[in-house]
Every structure is written in structure tokens, then in C-alpha cells.
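Reader: Please show me the model. I would like to go through helices, strands, salt bridges and surface.

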Amino acid sequence: MAIYVVQAGDSVDTIAQNTGVAVEDIIFANQLLYPYRLALGQALWLPEEQNEPEFGRTINTNGYAYPFIDEYVLAQSLPYLSSLSIFSYGFTPQGELVPPSFWSDEPLIAAALAAHTRPVLTLTPFGPDGMFNNNLISQVLADDAARTRLNTEIVSVMQAKGYLGLDVDFEYIYAEDRDSFTAWVGELAEAMHANGFTISVAVAPKTYAGQPGLLYEGQDYAALGALVDYVLVMTYEWGYTYSEPMPIAPLNWVRRVVEYAVTEIPAEKIDLGIANYAYDWTLPYVKGETAARSFGIVEAMQQAAEVGAEIMFDEEAYSPYYNYTAGGVEHEVWFEDVRSLSGKLALIDEFGLHGGGWWQIMRLFRAGWLTLVSKFSVAKGDF
């Protein structure tokens, strides 16, 4: 295995001596910072010579990015991506398309095309104020003229800017809008296919058809899956900003979602959502008051090393976590690492899924990309 879990007494030098992997390669692959502290229980990726990916197949990979992504992070990530979903375009109640605020998406489109990665326009129900608004969904669905205008503007912008795909990323669709939303996705799919574009839709992580709740009731897995080219199942955010401390993407729950999803959507259309971040909660948790801090996976491991925390691994959730105290306040951190990622990638292979969708790629996790290409080849286009 290329994954090494740090033991008591380990250092980068001793790990290099015992495994035969060069010190500089361990440092680079795991983005270690001088003086290269390691946390007990930390999972490291050890580069190794490899002729073929473990699963012997090619998958599609997608990553979401805001237009203000760091150029270096983008350049380091694009070789591992089949498509880049640029986040995001919104719209007005009148059907006017609203571009990302303050930052141009054109540099990302150009970089994606140069890397043979498909640039994808991400559409969200963000109004002109840049805020999520699920009432906006209802307004446009009920207005034929607004919806027609929006469909036309989407195609026009995609043609003008060089986009090759559309991703419809809507959450909290009202139950009464379910069929209207599905019909609209059908309209968009017809427009996309007529102009040579692909279309995908993001859906909440349901485990059964009649699952109650605003997050689930407005999305028809089977109907949407029949209309679009790909479906991203958002298998993350069990642990989220305002939840109690818990795994972000517990593998046992992710499996349950996939087991249901493949009964409604062809497996070859499904992209598994993959979380690329960590959450840090203060303790004790107080519902309605405690808000977790979101930060990067690499930063989470650096923090554990700096404060002397031992990283534990929940075998059922297949997720790493640790606790520490700072300024007299207790903290609990859950994140993803190369072990938990390997579990998600194994699910992709087991169920024959289309690929994976990374939310999001704003922070570089190089060991994660190296884990990906040790398991699969990544599909690239000829643009």
C-alpha cells in the first residue's frame, strides 16, 4: 500500500529510511511544511512506482472552483480533472442570467481548455445579491417567459465564452415544484444537446424514494437521471457548519445513498460527491450557536501536528478525526484523508459509477490527487 500511518517515534527521515521513499518525495506529496512535524495517526501518501491503476478503468472527474481560485492550485489540479465546474451563475426572477460577482470566469475557461478539461457553467439559484434564494426557483418555474429567456441566455453565454457543459446545482427545491423543476431540466437538456453541450444535475443524498425534508422532496432521481448526461450525488455534509461534530462524509452512509441511487439512475451516469475540506467545532456543542470552522485537509493535519493531537480513525464511518484544546477551549475536528478517499474511490469501482465530483478544489490536497490516479485513469477530452 502507498498509504502509511504515522507511528510513535516516526519522522520524515525514519519513514524514508524504512520505506525507501525519498524524503523530498514524501514532503512534496503530502505538502509538509518545515520543520516537517507529523501527527501520530496521520495518513501519508508514499509515492511508489506503478505501472497500472489498481482498478484498471478510466473514470470522469469533476471539480468545483470559484473564479478567484489561486492560479497555482488550479494548475496543480487540472491534470486530474475531466471537467471543471465554475461556481457560479445565478439569475433574476425575470430570467436574466447573473455572472459570478467581481471575478471573471474567462481565465478558468481558458486554463481548463488548455488542460483538456471541460469547462462547465454551474447554475445556482443565486439572485443579484449573490445569496441563495429557493423562492427564486419557484418564481422562474412559474413564469414561462422568464424561463425561456434564461434558457436562451445560458446557451448564448456558453457559446460566447467556450463552455462545453452545464451543471444545474439547485438545493432546497419545494416539494410542490418537483415536477416543474424536472420539466425545466428537460427543457435545458434539449437546448444543451441541440448545441453540442452536456448537462448534469446535482442531487441531495437520498437513501429512499419518499425521504421527507426540504432537501429531498423536490428532486426526482429517476426522472432527472433519464434527462441528463450525468448526476452528481452530493454525498457529503452529514457533518456541516451548524451540525454537531461528526464525520463529513461517513462511508457507511455514503454507501447507503449509492445503493439507493443505482436503483433509480443508471450507474454509468452517477458521479459520487467527494468532500475536500475539514471542519473544526468548539466544545461543548450548543445547537443553534456553535458554528464549525471550515478549512483545508492539509491544514487540518498540520494543525494536529502543531498542537500534538493524535489523529484517530473511525472504522465504521471510515473517517479521521482528532481533539485538541486551545486557549482553554476544547475542539473536535473531522476531515477527509487518503484513507477515507480510498474508501470512496473503491465505491466508485464497486458500483461501476461514472466518476467523482470534488467539492471543492479551492485548497490543494495533492496526496488526494495521487490517490485518485493510483486507482483510476482520468478521462480527458480533445478540445
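Author: The expected span of a helix is 1.5 Å times one less than its number of residues. Helices (H or I, at least four residues) and strands (E, at least two) are DSSP runs, numbered from the N terminus. This is a predicted model, where local features need pLDDT of at least 70 and side-chain atom pairs count only at pLDDT 80 or more, while totals for chains, interfaces and linings use all residues. Residues are numbered from 1 along each chain as its sequence is written, and side-chain values use heavy atoms, with hydrogens and water left out.

Reader: How far apart are the end C-alpha atoms of helix H6?

Author: Helix H6 covers residues 144-161, which is 18 residues. At 1.5 Å a residue, the helix should span 26 Å. The model agrees, with the end C-alpha atoms at a separation of 26 Å.

Reader: Which residues of H6 are buried?

Author: Buried means under 20% relative accessible area, exposed over 50%, and partly exposed in between (1.4 Å probe, protein chains only). In H6 the buried residues are Ala-146, Arg-147, Leu-150, Asn-151, Ile-154, Val-155 and Met-158. They cover an arc of only 165 degrees around the axis, so they sit on the same side of H6; the arc is that of the directions from the helix axis to the C-beta atoms.

Reader: Which residues are exposed on the other side of H6?

Author: The cut-off for exposed is over 50% relative accessible area. On the other side of H6, the residues that pass are Ala-145, Thr-152 and Ala-160.

Reader: Which residue forms a salt bridge with Asp-105?

Author: A salt bridge is a side-chain nitrogen of Lys or Arg within 4 Å of a carboxyl oxygen of Asp or Glu. For Asp-105, the closest N and O atoms of the pair are 2.7 Å apart. The pair links distant parts of the chain, 56 residues apart, from the loop between E5 and H4 to helix H6. The partner is Lys-161.

Reader: Is Asp-105 buried or exposed?

Author: Its partner Lys-161 counts as partly exposed, at 27% relative accessibility. Asp-105 has a relative accessible area of 1%, so this residue is buried.

Reader: What separates Arg-149 and Glu-153 in helix H6?

Author: These two form a salt bridge, the closest N and O atoms being 3.2 Å apart. Arg-149 is partly exposed at 38% relative accessible area, and Glu-153 is partly exposed at 24%. They are 4 residues apart in H6, so the separation is about one helical turn.

Reader: How many bridges join E3 to strand E17?

Author: Two strands pair if DSSP finds at least two bridges between them. E3 (residues 58-65) is mostly covered, with 6 of its 8 residues buried. E17 (residues 377-378) runs parallel to E3, and Ile-59 has Val-378 as its bridge partner there. The number of bridges is 2.

Reader: Which residue in E4 stands opposite Ala-65?

Author: E3 pairs with strand E4 (residues 83-91) in the parallel sense over 4 bridges. Opposite Ala-65 in E4 stands Ile-86.

Reader: Which residue in E16 stands opposite Asn-62?

Author: E3 and strand E16 (residues 355-359) also pair in the parallel sense, over 4 bridges. Opposite Asn-62 stands Gly-357.

Reader: What accessible area do Phe-68, Phe-102 and Trp-103 have together?

Author: Patches are made of residues with over 30% relative accessible area and no salt bridge: like charges are joined within 9 Å, nonpolar side chains (Val, Leu, Ile, Met, Phe, Trp, Tyr) within 5 Å. Accessible areas come from the Shrake-Rupley method with a 1.4 Å probe; for residues, only the protein chains shown count as cover. Trp-103 counts as partly exposed, at 49% relative accessibility. The three residues form a nonpolar patch on the surface, with a joint accessible area of about 450 Å².
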